[in-house]
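Visitor: I would like a close look at a single part of this model, with its surroundings explained as we go. Please take one helix and follow it outwards from there.

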Amino acid sequence: MSEASREAEQVEIALEEGQEASTTHPNPHIREVAEQDIGSAIAVAGHPIHAMLVHFPIAFVISTLGIDMFYWFTGDAFWLAVGTWSAGAAFVFGVLAAVVGTAELLAVPGIRVRVASWNHAIAAMVMLAIVGANAGLRLFWPETVLPSGLMLSVLSSMAAGFAGWHGGKLIFDHGVGLLISSKG
Ligand code: HEM
């Protein structure tokens with residue numbers, strides 16, 4: 001049996017056994033990815049700043065949906081104003097998170113080389129575009145919040161879930177951005 005077919009067989013066995021990507025994986029391409037550094041570069045005392053920031057856009061996006069519901073049920077202009085602030089905050093914090101996330105993506109070789117990182121980045125940019133449209137609509141055409149703003153809020157909540165899910169996969173499936181403390 002040739003070296004190449006022996007390697008292909010080993011890869012097949014590893015995949016059948018559900019073996020995780022690691023530095024000992026029989027597939028050289030997976031080994032190459034696994035050997036790259038995945039520690040966070042944009043961090044404070046080992047705590048990734050992106051992971052600290054992302055809670056804010058997610059919380060504001062979901063809050064905007066709740067606020068739109070209150071506006072829909074009550075018709076009170078107070079909720080219209082609150083929704084404008086909430087959608088604006090979602091966009092501002094989303095841009096901040098995206099700037100730090102992009103710096104992380106470009107700075108860390110092990111993050112850059114993973115397809116999952118780019119999937120997450122694309123999902124996050126789609127989310128940010130919808131959130132930006134939602135904030136702009138409230139600023140310039142507040143009379144269209146029902147139904148257009150509400151629909152954008154539903155869409156951006158779904159996009160936030162999708163982008164957040166893919167961000168979580170980077171941490172929990174790929175171990176990106178983790179620094180194992182020597183204090184443990
Ligand atoms: C282009 C923009 C973005 C890029 C390139 C990016 C990149 C990354 C990277 C590299 C990680 C791994 C953790 C780290 O190293 O800090 C991550 C995690 C994550 N990202 Fe992003 N990100 C972007 C925007 C966003 C946005 C706008 C959100 C908000 C929905 C978001 C939500 C998350 C979440 C929830 C995690 C997991 C954090 C954790 O569980 O601790 N990302 N992202």
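Guide: What follows is a description of helix 4 and of the parts of the chain around it.

The model is a predicted one, and its protein chain holds eight helices and two strands, which from the N terminus run in the order α-α-β-β-α-α-α-α-α-α. Buried residues make up 31% of the 184 residues in the chain, and of the contacts with a separation of 6 or more, 67% join residues 24 or more positions apart.

Helix 4 covers residues 55–74; with its 20 residues, it reaches 28 Å from the first C-alpha to the last, close to the 28 Å expected at 1.5 Å a residue. After the helix comes Gly 75, whose phi is positive, near 70°. In the UniProt entry, which is unreviewed, residues 53–73 are listed as a "transmembrane region", as are 85–108, 120–141 and 147–165. Of these other spans, residues 85–108 are 96% helix, with end C-alpha atoms 34 Å apart, while residues 120–141 are 95% helix, with end C-alpha atoms 31 Å apart.

The buried residues of helix 4 are Pro 57, Ile 58, Phe 60, Val 61, Thr 64, Leu 65, Ile 67, Asp 68 and Tyr 71. An α-helix has 3.6 residues a turn, so residues three or four places apart point the same way. The partners against which the buried residues of helix 4 pack are helix 5, helix 7 and helix 8.

The largest nonpolar core, of 22 residues, counts Val 61 among those with the most contacts inside it, together with Ala 90, Met 127, Val 131 and Ala 160. Helix 4, helix 5 (77–107), helix 7 (115–140) and helix 8 (145–172) each supply at least two residues of this core, and the largest share, seven residues, comes from helix 5. Ala 160, leaving aside its neighbours within four places in sequence, is in contact with Pro 57, Ile 58, Val 61, Ile 62 and Met 127. Another core, apart from the largest one, has six residues, including Val 108, Ile 111, Leu 170 and Val 176.

Helix 4 also takes part in the surroundings of the ligand, a shell of 31 residues to which helix 3 (49–53), helix 4, helix 5, helix 7 and helix 8 each give two or more. The closest residues of this shell are Ala 51, Gly 101, Ala 124, Gly 167 and Gly 177, and by class the shell consists of 19 nonpolar, 11 polar and one charged residues.

Technical notes:
Residues are numbered from 1 along each chain as its sequence is written. This is a predicted model: local features need pLDDT of at least 70, side-chain atom pairs count only at pLDDT 80 or more; totals for chains, interfaces and linings use all residues. A nonpolar core is a set of buried Ala, Val, Leu, Ile, Met, Phe, Trp, Tyr and Cys residues joined through C-beta atoms within 7 Å. A residue is buried if 20 or more other C-beta atoms lie within 10 Å of its own, exposed if 12 or fewer, and partly exposed in between; C-beta atoms are placed from the backbone. Helices (H or I, at least four residues) and strands (E, at least two) are DSSP runs, numbered from the N terminus. Two residues are in contact if their C-beta atoms, placed from the backbone, lie within 7 Å. A residue is near a molecule or strand if its C-beta atom, placed from the backbone, lies within 6 Å of it. Ala, Val, Leu, Ile, Met, Phe, Trp, Tyr, Cys and Pro count as nonpolar, Asp, Glu, Lys and Arg as charged, and the others, Gly among them, as polar. UniProt positions are given in the numbering used here, feature names are shortened, and annotations may be inferred rather than shown by experiment. The expected span of a helix is 1.5 Å times one less than its number of residues.
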